[in-house]
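Visitor: Could you take me in for a close look at the open sheet in this model? I'd like to know what it is built from and what sits around it.

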Amino acid sequence: MEDKPIRVLACGDVEGKLSALFNRVQAIQKKTGQFDLLLCVGEFFGTSPEAENEWQQYKTGVKKAPIHTYILGAASQATVKNYPSVEGCELVENITYLGRRGIFTGVSGLQIAYVSGQEAMFEPALAHCFTSEDLTALVVPLINNSKFRGVDILLTSQWPRGVWQYGNNPEVNTKTCGSSAVANLAEKLKPRYHFAALEGAHYERAPYRNHTVLQEKAHHVTRFIALATVNNPAKKKYLYAFNIVPMKVMDPSELVKQPQDVTENPFARSAKDDTNRQKTSFSLAAEEEPPQQFFFDLNRKQGGGRGRKRPSEGEGRGRPQYHDGGGDRRGQPKQPRRPPQPSGPCWFCLASPQVEKHLVISIGTHCYLAMAKGGLTPRHVLILPIGHYQSVVDLSSEVVQEMEKYKSALKSFYKSRGERCILFERNYKSQHLQLQVVPVPLDLCTTEDIKEAFMVQAQEQQMELMEIPQHTDLKQIAPPGTPYFFVELDSEEKLYYRIQRHFPLQFGREVLASEAILNIPTRADWKECKQSREEEEECCKELRNEFQPYDFAWDD
């Protein structure tokens, strides 16, 4: 069975003409059907008052992009102000800034590499420029993978210098056009499609080979397409529509088919050329430290320094600790900011009288562990912040760090019992963050089965779960206040859904309770699983004793 192609639109410099672009997209979709995503290269924002006023309409929700839109960062210093940081994030609903550089892998397996801005000509680089270190950071983790064959799509603002060699000539000044570093990048990443802009020109190069005939195994070809500016007076093409099946699911023989008009690789170099390579090209030297930045970047340490020392026995264990900051605690501010306070009674703030403390299993400095009331299984627990935080994206760095410690401890605990660890969070109609942690026996199903169950049940309810790379920080795709549902599998794969209108409150439980996973559909609603207080106390005591060897919060 052939995989369904992904329908993609690519666009050149938008320069703030958002309504013109999206009106055109809507007209195309009305005529040919819905596209899956829109990729914008070049300069997305404009600098005129009209462009800034138009952007405000999207920021305030008066207008909304009609398609999932992914954009590159600033290509000039004048538009840097529109991007909150070099990391990727959702700027407004349906418009996501990819980031300075990285890889975006969709649920379908489609792999998109991207580099924002222009090549830096001097150090320190300006905010709208990329450096050789950025390109090395992007390339090294990919080509170090023995299974790497290339990427599906490469997005850059600048053209690769010399891309016209052996091909049709573009209507640009070839003496000044393009970047050598981008050319080197394209040569290394072997994209099937490469889109660029900034030159105000439309150019579709004949496809070129990514192998040497009769000397190397056949590879797929690359199609380079440069796009013009939106609504340009010369009516040059600025939108390009295409279908693509991700490389990872294609039949290899189909992938490497060579079209009749294929040319030699414009970036192929002789040994002499390699020796004389310009300094602007990037190095893949072994001593370069491969960074961890991929789409929305991640696994970066947030905030400074180590967490505060755990409270010793008798130092108020069981309630939040607010120290005065005295003593030598490197990386900690002298007066830590108190967590936000609830506007009314909260069932989960540990200092609240409403908390059912008999369900508490472990108490750390910033987080605590509690047995889930009406749990799916006997070892179903919650990780909760001691202070009042609504969601993961609102947490301070020290709370995040301790939450990660609890996650790690629970994974080890479940593994010792032949179970895998599944986590999910619903930031919707909830006042206090509850990170649900559910163990699933290894012999019941695979991680792929669990992932498929979430995807299928989401589709059945007209919801689209998005897969994001394992090093992704939710803060970069879900600004504080955004309603969302989030799942983390034991493989560290993560699924995310931005809640639009209504959302089934028991969705996470329903999926895990389904016949395909735990096969306990009658336990999908926690209210149907409630126990007496005596039963809860007995179960919690047993669970507390089982978990104790893995509980870092116990003092020696």
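Guide: Here is a walk through the sheet, followed by some other parts of the chain.

Keep in mind that this is a predicted model. The open sheet is made of 6 strands, and if you step across it you meet them in the order E6-E7-E10-E11-E13-E12. The pairing is mixed. As background, strands of a sheet pair through backbone hydrogen bonds, either parallel or antiparallel. At the edges sit strand E6 (101-105) and strand E12 (203-204), each pairing on one side only.

Now zoom in on one pair inside the sheet. Strand E7 (residues 111-115) and strand E10 (residues 153-156) run parallel, with 4 bridges joining them. If you want a spot to put your cursor, try Tyr114, which stands opposite Leu155 in E10.

Next, go back to the start of edge strand E6, where a salt bridge is worth a look. Asp134 pairs up with Arg100, and their closest N and O atoms are 2.8 Å apart. Asp134 belongs to helix H3 (residues 132-143), while Arg100 is in the loop between strand E5 (95-97) and E6, so this contact ties together parts that are 34 residues apart in sequence. In general, side chains of opposite charge can pair when their charged atoms come close. Over the structure, the count of salt bridges comes to 21.

That loop leads back to E5, which has a partner of its own. Strand E4 (residues 89-92) and E5 run antiparallel and are joined by 3 bridges. Val92 has Ile95 in E5 as its bridge partner. The two strands make a hairpin with 2 residues between them, and in the turn Asn94 has a positive phi of about 75°.

Going the other way along the chain, have a look at the loop between strand E8 (118-119) and strand E9 (129-130), where you'll find Phe122. On the surface, Phe122 joins Met121 and Leu126 in a nonpolar patch, and together they have about 320 Å² of accessible area.

What about empty space? There are 2 cavities of 30 Å³ or more in the structure, and the largest holds about 50 Å³. Its lining consists of Gly16, Leu18, Phe45, Gly46, Ala51, Glu52, Trp55 and Asn82. Helix H2 (residues 49-59) gives the largest share of that lining, with 3 residues. Sorted by class, the lining of the largest cavity has 4 nonpolar, 3 polar and 1 charged residues.

Further along the chain there is another hairpin, formed by E15 and E16 with 3 residues between them. Strand E15 (residues 360-363) and strand E16 (residues 367-371) run antiparallel and share 3 bridges. Ser362 faces you here as a handy marker, as it stands opposite Leu369 in E16.E16 also turns up in the second largest pocket, so to speak of that next: the pocket has a volume of about 850 Å³. Of the 36 residues lining this second largest pocket, Phe348, Leu382, Gln434, Gln436 and Trp526 are the closest to its centre. The elements giving two or more residues to its lining are E16, strand E17 (381-385), strand E18 (419-427) and helix H9 (507-513). By class, that lining divides into 20 nonpolar, 9 polar and 7 charged residues.

Definitions and conventions: Residues numbered from 1 in each chain as written. Predicted model: local features only at pLDDT ≥ 70, side-chain atom pairs only at ≥ 80, totals over all residues. Heavy atoms only, no water. Patch = residues over 30% accessible without salt bridge, like charges linked within 9 Å, V, L, I, M, F, W, Y side chains within 5 Å. Areas by Shrake-Rupley, 256 points an atom, 1.4 Å probe, with all protein chains shown as cover. Salt bridge = Lys/Arg side-chain N within 4 Å of Asp/Glu carboxyl O. 1 Å grid on protein atoms, 1.4 Å probe; cavity = no way out; pocket = protein on both sides within 12 Å on 5 of 7 lines; lining within 4 Å. Points joined across faces, edges and corners; volume = space filled by probe spheres on them. Nonpolar A, V, L, I, M, F, W, Y, C, P; charged D, E, K, R; others polar. Pairing = 2+ DSSP bridges.
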